[in-house]
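Visitor: I should like a close look at a single part of this model, namely one hairpin and the residues around its turn. Please describe it in one connected account, with the criteria behind each term.

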Amino acid sequence: MRVDLTLLELVSESSDGPTDATRRALEWLELGSGLSAVDRETRRFATFVVRGLEGAEGKSLVGARAHRDGTPPRLEATVVGELSLHGVRAPARVPVSLEIETAEGHPESPTRLVIRSRKPLVVSLSVHDIRPRDARGVLVARELALLGESVGREAKVTFELALAREPPKP
């Protein structure tokens with residue numbers, strides 16, 4: 001999975017507003033407007049590489065029928081992988097649910113897979129060297145006090161991925 005961090009938008013409850021919060025986050029990720037396009041490009045993406053799925057051994061969603069209330073069959077497991085962010089790779093685990101949607105009356109023909117986090121993926125800012133920086137990527141020492149005060153020491157990320165089968169071409 002790959003996420004383009006330049007499309008990041010933060011919602012802020014402070015008086016600074018969401019635009020300032022987003023700008024600051026991009027600066028801390030060394031994606032600020034003062035860096036060259038080449039430097040920004042090297043940090044632009046966060047990636048999560050899946051190494052395995054725990055808790056799904058011996059279980060299958062293939063051919064499973066929808067529940068009586070119409071909800072699709074669901075499997076809970078833990079994705080084990082590696083998060084690469086800001087040039088640092090770190091092991092990561094996140095509990096997920098997997099649902100397979102099928103065409104009406106055809107449980108053997110999946111049309112969509114939904115992968116949803118059940119708990120947030122906790123990302124440590126210090127592990128990934130995410131610290132207060134200005135638009136040029138220079139550390140801003142006076143803002144280090146913000147960590148743990150105004151800004152958390154970790155980010156909690158939830159997600160939902162939907163993978164759909166393309167309809168057959170005529």
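Guide: The account below begins with the hairpin and then follows contacts outward from it.

This is a predicted model in which local features require pLDDT of at least 70 and side-chain atom pairs count only at pLDDT 80 or more, while totals for chains, interfaces and linings use all residues. Residues are numbered from 1 along each chain as its sequence is written, and side-chain values use heavy atoms, with hydrogens and water left out.

Strands S3 (74-85) and S4 (88-103) flank the loop that holds His-86. Helices (H or I, at least four residues) and strands (E, at least two) are DSSP runs, numbered from the N terminus. S3 and S4 run antiparallel and are joined by 12 bridges; two strands pair if DSSP finds at least two bridges between them. One of the paired positions is Thr-78, whose bridge partner in S4 is Pro-95. Together the two strands form a hairpin with 2 residues between them.

His-86, in the turn, has a positive phi of about 60°. Most residues other than glycine have a negative phi. His-86 is buried, because its relative accessibility is 9%; buried means under 20% relative accessible area, exposed over 50%, and partly exposed in between (1.4 Å probe, protein chains only). A polar atom of the His-86 side chain lies 2.8 Å from the backbone oxygen of His-128. That distance falls under the heading of a polar contact, a pair of N or O atoms within 3.5 Å; within protein, one must be able to donate a hydrogen and the other to accept it, and residues adjacent in sequence count only if both atoms are side-chain atoms. Beyond residues up to four places away in sequence, His-86 touches Trp-28, Leu-29, Glu-30, Arg-43, His-128, Asp-129, Ile-130 and Arg-133, where contact means heavy atoms within 4.5 Å.

Glu-30, one of these partners, has a phi near 60°, again a positive value in a residue other than glycine. Glu-30 lies in the loop between helix H1 (17-28) and helix H2 (37-43). With a relative accessible area of 11%, Glu-30 is therefore buried.

Next to the turn, Leu-85 closes S3 (74-85) and belongs to the largest nonpolar core, which has 23 residues; Leu-85 and Val-96 have the most contacts inside it. A nonpolar core is a set of buried Ala, Val, Leu, Ile, Met, Phe, Trp, Tyr and Cys residues joined through side-chain atoms within 4.5 Å. At least two residues of this core come from each of H1, strand S2 (45-54), S3, S4 and strand S6 (121-124). S3 contributes the most, with 5 residues. In soluble globular proteins, nonpolar side chains tend to be buried together. Setting aside neighbours within four places in sequence, Leu-85 is in contact with Leu-5, Leu-29, Ala-46, Val-123, His-128 and Ile-130. His-128 and Ile-130 are thus named in the contacts of both Leu-85 and His-86.

Arg-133, another partner of His-86, leads to Leu-26: their C-alpha atoms are separated by 9.1 Å although the residues are 107 apart along the chain. Leu-26 is in helix H1 and counts as buried, because its relative accessibility is 16%. Outside the four places on either side in sequence, Leu-26 is in contact with Leu-5, Thr-6, Leu-8, Leu-31 and Gly-32. Leu-5 is in contact with Leu-85 and with Leu-26.

Thr-6, among the contacts of Leu-26, in turn connects to Asp-4, since the side chains of Asp-4 and Thr-6 make a polar contact at 2.5 Å. Asp-4 is in strand S1 (residues 2-4) and is buried, with a relative accessible area of 16%. Apart from residues up to four places away in sequence, Asp-4 touches Arg-44 and Phe-45. Over the ring of Phe-45 sits the charged end of Arg-2, 3.7 Å from the ring centre; the criterion is NZ of Lys or CZ of Arg within 6 Å of the ring centre and within 35 degrees of the ring normal.
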